[in-house]
Amino acid sequence: MALLSVTDLSVFIGRLKPLDGISFDIGKGEIVGMVGESGSGKSLTAMSVMGLLPLIGGKMTSGSIRFDGIDLATLPEPHYRALRGRRIALISQNPMTSLDPIIRIGAQIDQVSILHLGLSDAAARARSIDIMQQLRIPEAATVHGNYPHQLSGGMKQRVVIAMALAADPELMIADEPTTALDVTIQAQIIQIVVDLVRERGLSLLLITHDMGVVAQACDKVVVLYAGRVAETNGIDAIFGEPQHPYTRELIRCIPRHDQLRGSLTGIPGAVPSVMDYPSGCRFHPRCADALDICAGAIPALEQKAAGFAACHAAINAAGKVSAHG
């Protein structure tokens, strides 16, 4: 049984529908990567699971989000508040804005275990320092008494991760946790998160733009495009035999160590605005494999090979393009 099961999730913000029929599962102890260009709906999906849509005027209009059998869509806010941070934790994008600048680092981490685990101040402090040490924060006891402005960006991000781990959650959602950091620090942070998740047997939804990170860290991949699921499959199948043209294009954008200078290319065009989504398959204006049907008919998310893809033109076992009406 899946720990988290999102089925046919649709979200409105005013009259706009940025998420349309999102479906995916995360099993216990599983690391699932969620990829797609900016504007695909990744962060909005995370906000939906965390019950934070009201903060941006959003509303879930159809579908279900079930966590360990609990229907999150109908959960009263007081119950959601008890769940949020305790059993489901969020690592946000920007550590610079995630921490209160006038409260010491340690107090912000301690608060999580005091609130959710009922620990005393002394026990919470000891727990926070232990987690900080696991995150390879040097002189953790000293850093516990520092203010956010005294830390580097990489250290701030480790503190945000410590806050997410403080109450021993079962599911963590990491929403592009290294966006604000330089490349060398990004790799360190991702590796630390993945190692801790594996050691603790947690489930992780890793939202990222980096297909290289996904290839190294994840068990399964969910590919989003313009508010819909393009493809979902296991990591080997996604990189070995991708079924959706958009997935193939994302993989082609991964730099290789043996790549000739100037040979790296991007995907032509851009993700359409939620105010002007095209009819049919939303990727068809940018798709080299588009068929006539793609402009008019919305492709269903159907089983193709070992996973699921929403595509009228899928790759068959021989590597040829075949039409699906």
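## Pockets, strands and a buried histidine

His 312 is buried, with a relative accessible area of 7%; buried here means under 20% relative accessible area, exposed means over 50%, and partly exposed is in between, with a 1.4 Å probe and protein chains only. Keep in mind that this is a predicted model, where local features need pLDDT of at least 70 and side-chain atom pairs count only at pLDDT 80 or more, while totals for chains, interfaces and linings use all residues. Residues are numbered from 1 along each chain as its sequence is written, and side-chain values use heavy atoms, with hydrogens and water left out.

**Exercise 1. Find where His 312 sits, and which backbone oxygen lies 2.8 Å from a polar atom of its side chain.**

Step 1: look at the secondary structure. His 312 falls in the loop between strand E12 (307-309) and strand E13 (313-315). The labels come from DSSP runs, numbered from the N terminus: helices are H or I with at least four residues, strands are E with at least two.

Step 2: check the side chain. A polar atom there is 2.8 Å from the backbone oxygen of Ala 297. The cut-off for a polar contact is a pair of N or O atoms within 3.5 Å; within protein, one must be able to donate a hydrogen and the other to accept it, and residues adjacent in sequence count only if both atoms are side-chain atoms.

**Exercise 2. Place Gly 63 in its strand, then work out which residues it touches.**

Step 1: Gly 63 belongs to strand E4 (residues 58-67). With 39% relative accessibility, Gly 63 counts as partly exposed.

Step 2: skip residues up to four places away in sequence, and the ones Gly 63 touches are Thr 7, Asp 8 and Leu 9. Contact means heavy atoms within 4.5 Å. Thr 7 is 56 residues from Gly 63 in sequence, yet their C-alpha atoms are 5.4 Å apart.

Step 3: zoom out to the sheet. E4 is part of an open sheet of 4 strands in the order E2-E1-E4-E5, with antiparallel pairing. Strands E2 (16-26) and E5 (70-71) stand at the edges with a single partner each, so one side of each has no neighbour in the sheet. Two strands pair if DSSP finds at least two bridges between them, and E4 and E5 have 2 bridges. Across that pair, Phe 67 stands opposite Ile 70.

**Exercise 3. Decide how enclosed strand E8 is, and name its partner strands.**

Step 1: count. In E8, 5 of the 5 residues are buried, so the strand is largely enclosed by the rest of the structure.

Step 2: sort by direction. Ser 203, Leu 205 and Ile 207 point one way, Leu 204 and Leu 206 the other way. That fits the general rule: in a regular strand the side chains alternate between the two faces of the sheet.

Step 3: find the partners. Strand E3 (residues 31-35) pairs with E8 in the parallel sense over 4 bridges, with Gly 33 bridged to Leu 206. Strand E7 (residues 171-175) is also parallel to E8, over 5 bridges, and Ile 173 stands opposite Leu 205.

**Exercise 4. Describe the two largest pockets by volume and lining.**

Step 1: the largest pocket holds about 760 Å³. Its lining has 22 residues, and Arg 84, Gly 85, Leu 90, Val 112 and Met 163 are the closest to its centre. On a 1 Å grid over the protein atoms alone, a pocket is an open set of points with protein on both sides within 12 Å along at least five of seven lines, a cavity is a set where a 1.4 Å probe fits but cannot get out, and lining residues have an atom within 4 Å of a point.

Step 2: H4 gives the largest share of that lining, 6 residues.

Step 3: the second largest pocket has a volume of about 520 Å³. Of its 21 lining residues, the closest to the centre are Gln 186, Ala 187, Ile 190, Asp 210 and Val 213. Helix H8 (183-200), strand E8 (203-207) and helix H9 (211-217) each give two or more residues, and H8 gives the most, with 6.

**Exercise 5. Count the cavities of 30 Å³ or more, and describe the largest.**

Step 1: the count is 1, and the largest cavity has a volume of about 70 Å³.

Step 2: its lining includes His 244, Pro 245, Cys 281 and Cys 311. Pro 245 is also one of the buried residues of H11.

Definitions and conventions. Points joined across faces, edges and corners; volume = space filled by probe spheres on them.
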